[in-house]
Structures are given as C-alpha cells and as structure tokens.
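User: Please give me a close reading of one helix in this model and of the parts that surround it. I should like the cut-offs behind each term stated as you go.

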Amino acid sequence: MDIIQELAYLPSGSARTLATRRNGIFGLFFPGFDGIEQPGPVTPTDSEITIVDDTESGYTVPRPNTYFDEVLFGAELEAWHSGFALMVAAGRGPSQEMILNNIAGHVDGLAVIARTVENDVLERVARRIPVVVVSGVPDDGAFDHVVVDNERGMHALVAHLIQTREIASLTYVSGPEDSPDNHERLRGFQSAVADSVRELRSTVTEHGDFTQERGFDLGSRLIDEGELSDVLVCGNDQLALGVLDACASRGVSVPRDVLVSGFDGIEATLQCIPRLTSVQQPMAALGRAAMRMLIARLDDPSREPQTEQLPVRILLRQSTE
C-alpha cells in the first residue's frame, strides 16, 4: 500500500475489462432536450455585473425535467450498490444514433427511456449488450421492460373525481402523440368516463409534448376561448403545472372554477399553489429496477425477456378538493 501511494498507482480499466470481459459500467440513455445542441456562450468570470429590467419577461420552461432526475437517481443508487458506475447520455435528432453507439461501446448494459430510440436500433445494440427499456408499453418481447400501470392509475383517478364531485365536463390535456405512456393514460381517462353512469362531456386537446410551457399554452387557450371544462386531467405533472400557471395568470381559481390533476408525482407538485393532485409513479424505483434487470441479464443472457410492472398510487390534494 505504501508503494501504491508513492507511485500514485491506479488500476487499469482496460486491463480489467480484458480480464473480466466487463467494464463495470452501466449506461442510461435519455431523450435529448431542446437547447442541448446549441448551448449559449459562457460568460467570463471577470465580466461586469449588469442590471436587467425583467418585469415584462415571458413564460420560461423550468429545467431540469424532474421525472428524469428521479429515474436517474434510482439508477445511480442501484448501480452503485451493485458495484457498477453509471454513464449517462442524451441524444436527439441526427446525433442520436451516434451517441447511442458511443455509449453502448463503453458499457456492460444499457437502460433506455421508452421511445428515445427506434426499435431496430435497439435490437442491433441488444445483440451485443443487455438492453432494458424503461416505461412505455412492452413490445413483442425483444427487450426486458420495467413499466408502471399507467392506464389503471389514470382510470382510478378519473373515476374517483367523477364519483365524488358534481362535474359535467372533463378535458384530457394530451402529451406527445408518439408516447406510449400518454396513450395508456388517455385510455384510462376515456374508459373511466365511459364507465360512468352520469352523462359527461369529454374532450381531448391536440397532442403536444410533456412540458410545463405546453401546459401553460394549452391552458391559456382553453380559458381565452371559453372552452374550460370542469376538470382538466393532464397527461403528466409538468403539463398540469403549466395549466395551474395559466389559470393563475387569468384569474381562474383552482379548484373553485376548475379541477386540475397530473400524473407522475414529481416533487414540484408539493411546491405549487394549490398543491397538485397526481397519480404518483415510483420513478426512482424504475431506475433501480432497470439496473437490477441488467444485472440479471448479464448473469443469465439466455433467459426469456422479462417485464416488471411497478404500482402507482393516487395522491389527492388541494387542486381537486
């Protein structure tokens, strides 16, 4: 140990990889975000301090995306407990496949958020290393999956609101058209309305994305055009937080004038006014389960693809009182 200290010796990762045929690293691949590819300039530390009148600034998108933060936290925790490091990457557009190939060449297994990468690309990667798809709908059995019960969770929330409140109309604030989670949640919304013995009017906004900015724009449009329903059921929490901001900016009271709910159960739902009713999914547990599935696949490469479904729970708060 004295000689190791004196020589500042560090084990060779390349040599270990050759000996064990493992890198000791798992990968986690996220979808890219707008602005990643064109970052702004870094302000020099010796620049002068400026005072800016920001009272008329427009709506801005809060970052980072807290759903991904929670999944990342769980994945990092489980990887560390299992003796693996975690390499994280994000890709979008033309660079996506190049980034994926680069990270896949350095890891023992790869967890990918659903719809981040086309299946044919993932299938090619899966021939070399284990792949786990996080969230979404399990496919034809090509990969291991870890998912949550989106449809039944949304159904339970909407059914509860219908049974306990005097409402006549509901609107589903939709997320991305290519999001399997969004489609499952929409089906849960529609089936709860269809199962109701009461006459209810239901509508669905056009597909957008899962951002707070999108929720603000949609909520503002519904209010301005006089199309506000009794209940706005949002495809995720960030959409719902944007809707709350739109209501506040236009003098619409939640929950007196409209009930608002979300899906995910991110921490920000406890910090808004009113606090947001949401279907909470175990986001950190998704990341942990994905790492466990990678380890199981490393230990038994020939086992049949597995799907692990994690439970959700309904958190009733002030936005639907």
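Analyst:
**Helix α9 and its surroundings**

Val243 counts as buried because its relative accessibility is 1%, where buried means under 20% relative accessible area, exposed over 50% and partly exposed in between, with a 1.4 Å probe and protein chains only. The model is predicted, so local features need pLDDT of at least 70 and side-chain atom pairs count only at pLDDT 80 or more, while totals for chains, interfaces and linings use all residues. Residues are numbered from 1 along each chain as its sequence is written, and side-chain values use heavy atoms, with hydrogens and water left out.

Val243 belongs to helix α9, residues 237–249. Helices here are DSSP runs of H or I with at least four residues, strands are runs of E with at least two, and both are numbered from the N terminus. The chain holds 10 helices and 12 strands. Helix α9 comprises 13 residues, and the distance from its first C-alpha to its last is 18 Å, close to the 18 Å expected at 1.5 Å a residue; the expected span is 1.5 Å times one less than the number of residues. After α9 comes Gly251, which has a positive phi, near 70°.

Helix α9 is largely enclosed by the rest of the structure, because 10 of its 13 residues are buried. Those buried residues are Asp237, Gln238, Leu239, Ala240, Leu241, Gly242, Val243, Leu244, Ala246 and Cys247. For the chain of 321 residues, the buried share is 44%. The cover over the buried residues of α9 includes the helices α3 (66–81) and α8 and the strands β6, β8, β9 and β10 (277–280).

The partners of Val243 show part of this cover in detail. Setting aside residues up to four places away in sequence, Val243 touches Gly215, Phe216, Gly219, Leu232, Cys234 and Val260, where a contact means heavy atoms within 4.5 Å. Across a sequence separation of 23 residues, the C-alpha atoms of Val243 and Ser220 are 7.5 Å apart.

The opposite view, from helix α8 (residues 212–224), can be taken at Gly219, which is found there. Gly219 counts as buried because its relative accessibility is 3%. Beyond its neighbours up to four places away in sequence, Gly219 touches Val243 and Ala246. Gly219 and Gly242 are 23 residues apart along the chain, with 7.4 Å between their C-alpha atoms. In the chain as a whole, 73% of the contacts with a separation of 6 or more join residues 24 or more positions apart.

Val260, one of the partners of Val243, leads to the nonpolar interior. In soluble globular proteins, nonpolar side chains tend to be buried together. A nonpolar core is here a set of buried Ala, Val, Leu, Ile, Met, Phe, Trp, Tyr and Cys residues joined through side-chain atoms within 4.5 Å. In the largest such core, which has 45 residues, Val146, Val260 and Met291 touch the most other members. Helix α10 (residues 283–299) gives this core its largest share, 9 residues. Another core, of 19 residues, lies apart from it and has Leu157, Leu161, Ile162 and Leu186 among its members.

Val146 itself touches Val132, Val133, Val134, Ser135, Leu286, Ala289, Ala290, Met293, Glu308 and Leu310, residues up to four places away in sequence not being counted.

Leu186 also appears among the buried residues of helix α7, together with Asp181, Asn182, Glu184, Arg185, Gly188, Phe189, Ala192 and Val193. Helix α7 (residues 180–195) has 16 residues, which at 1.5 Å a residue should span 22 Å, and its end C-alpha atoms are 22 Å apart, in agreement. The cover over its buried residues includes α6 (150–164), β6 (169–173), β7 (201–204), β8 (231–234) and β9 (259–264). Strands β6, β8 and β9 are thus named in the cover of α7 and in that of α9.

Arg185 lies in helix α7 and counts as buried because its relative accessibility is 2%. With neighbours within four places in sequence left aside, Arg185 is in contact with Asn150, Met154, Tyr172, Phe210, Gly235, Asn236, Phe263, Asp264 and Gln281.
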